[in-house]
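Subject: Handing over a structure

Hi,

Here is the structure I promised to pass on to you. Please open it next to this email, and I will walk you through what turned up.

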Amino acid sequence: MAEGERQPPPDSSEDTPPATQNFIIPKKEIHTVPDMGKWKRSQAYADYIGFILTLNEGVKGKKLTFDYKVSEEAENLVATVVPTHLAAAVPEVAVYLKEAVGNSTRIDYGTGHEAAFAAFLCCLCKIGVLRVDDQVAIVFKVFDRYLEVMRKLQKTYRMEPAGSQGVWGLDDFQFLPFIWGSSQLIDHPHLEPRHFVDEKAVSENHKDYMFLQCILFITEMKTGPFAEHSNQLWNISAVPSWSKVNQGLIRMYKAECLEKFPVIQHFKFGSLLPIHPVTSG
């Protein structure tokens, strides 16, 4: 990853808001294409991409069965979601979770919904419910479980892909597990990018690696030659190293998801992920 892409974790104790913070219901701020400039300069963009890259570093070289430690606050999250003294944050944080499961009217789902769930996790970090020490568990436990649920919904209801680019897109529904999944495989002793189009390699290793789980799901959902129904991924299999795959996917995610008006027009901004310009210092 280029040095310029590294960002400090947004979930440090310095960012944890006081209980007296004025939380607000997030709302849309990107109404026209020119508004995209506000998004790219915003504190929300800086915090969001910083969060994605922090998790990317955290899972580098680790298997899904990695022995990670979950903080006490995260354990409490299962039962109470948010501690009592931060109850005022619940309406704001909950908006992102509601946005993360697809559109009930159109019955569609895509990378914008996925981004809402990542934003939900980012907000939990910003209020201190999750911590830096939880970064591996955030990806391997929480986000991976989210993927399981969404895949089940996709299989059951045959949800339409929201904003899919068809054969020229990376995937109909997800993007982040390809980023974090490629990070997992960096410096792997024998699995190389060329192996993810090998059915045997995927079958034997998908339980340990998020990227290979994604490939398995695609082959279960689509028919025909892989090179035809997933051309972008097929091209990626020719990249010589997972490190280059990871760097390329980060650039692609920014360009094809975070900088596309059809995706970001639905993103919502509040006090935790604000639209105001990023502050230096």
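Let me start with a small puzzle: which glycine follows α5, and what is the sign of its phi? The residue is glycine 128, and its phi is positive, near 90°.

Before the rest, a word on how to read the values. The model is predicted, so local features need pLDDT of at least 70 and side-chain atom pairs count only at pLDDT 80 or more, while totals for chains, interfaces and linings use all residues. Residues are numbered from 1 along each chain as its sequence is written, and side-chain values use heavy atoms, with hydrogens and water left out.

**The overall picture**

The protein has 13 helices and 4 strands; these are DSSP runs numbered from the N terminus, with H or I of at least four residues for helices and E of at least two for strands. Of its 281 residues, 50% count as buried (under 20% relative accessible area, with exposed being over 50% and partly exposed in between, using a 1.4 Å probe and protein chains only). Among contacts (heavy atoms within 4.5 Å) between residues at least 6 apart in sequence, 81% join residues at least 24 apart.

**Two enclosed helices and the core**

Back to α5, which covers residues 111-126. From first C-alpha to last, its 16 residues reach 22 Å, close to the 22 Å expected at 1.5 Å a residue (the expected span being 1.5 Å times one less than the number of residues). Because 15 of those 16 residues are buried, α5 is largely enclosed by the rest of the structure.

Helix α2 (residues 43-58) also has 16 residues, and its end C-alpha atoms are 22 Å apart, in agreement with the 22 Å they should span. Here, too, 15 of the 16 residues are buried, so α2 is largely enclosed by the rest of the structure.

The largest nonpolar core holds 82 residues (such a core is a set of buried Ala, Val, Leu, Ile, Met, Phe, Trp, Tyr and Cys residues joined through side-chain atoms within 4.5 Å). The members that touch the most others are Trp39, Ile127, Trp180, Phe211, Leu233 and Leu249. The helix that gives the most to this core is α5, with 11 residues.

Tryptophan 180 is a good place to zoom in. Leaving aside residues up to four places away in sequence, this tryptophan touches Ile52, Leu55, Asn56, Val59, Val139, Phe143 and Met210.

Alanine 89 sits in the loop between α3 and α4 (90-99) and is buried, at 0% relative accessible area. Its contacts, again not counting residues up to four places away, are Phe23 and Ile127. Isoleucine 25 is 64 residues from alanine 89 in sequence, yet their C-alpha atoms are 9.2 Å apart in space.

**Around α9**

α9 has 12 residues and reaches 17 Å between its end C-alpha atoms, close to the expected 16 Å. Its buried residues are Met210, Phe211, Leu212, Gln213, Cys214, Ile215, Phe217 and Ile218. What covers them includes α6 (135-157), α7 (176-184), α8, α10 (226-229), α11 and α12 (242-258).

In α11 (residues 231-236) you will find asparagine 231, which is buried at 19% relative accessible area. Its side chain reaches the backbone oxygen of alanine 227 at 3.2 Å.

As for cysteines, cysteine 214 is buried at 3% and cysteine 257 at 5%. How many disulfides does a search of the whole structure find? The count is 0, where a disulfide is a pair of cysteine sulfur atoms within 2.5 Å.

**Charged pairs**

Side chains of opposite charge can pair when their charged atoms come close. The structure holds 9 salt bridges (a side-chain nitrogen of Lys or Arg within 4 Å of a carboxyl oxygen of Asp or Glu), including these:

- Lysine 60 pairs with glutamate 57 at 3.3 Å between the closest N and O atoms; lysine 60 is partly exposed at 30%, and glutamate 57 is partly exposed at 29%.
- Aspartate 208 meets lysine 63 at 3.9 Å, N to O. Aspartate 208 lies in the loop between α8 (199-205) and α9 (210-221) and lysine 63 in the loop between α2 and α3 (72-80), so the pair ties together parts 145 residues apart in sequence.
- Glutamate 192 and arginine 194 meet at 2.9 Å, N to O, and glutamate 192 is partly exposed at 35%.

Enjoy looking around!

Best wishes

Notes. A polar contact is a pair of N or O atoms within 3.5 Å; within protein, one must be able to donate a hydrogen and the other to accept it, and residues adjacent in sequence count only if both atoms are side-chain atoms.
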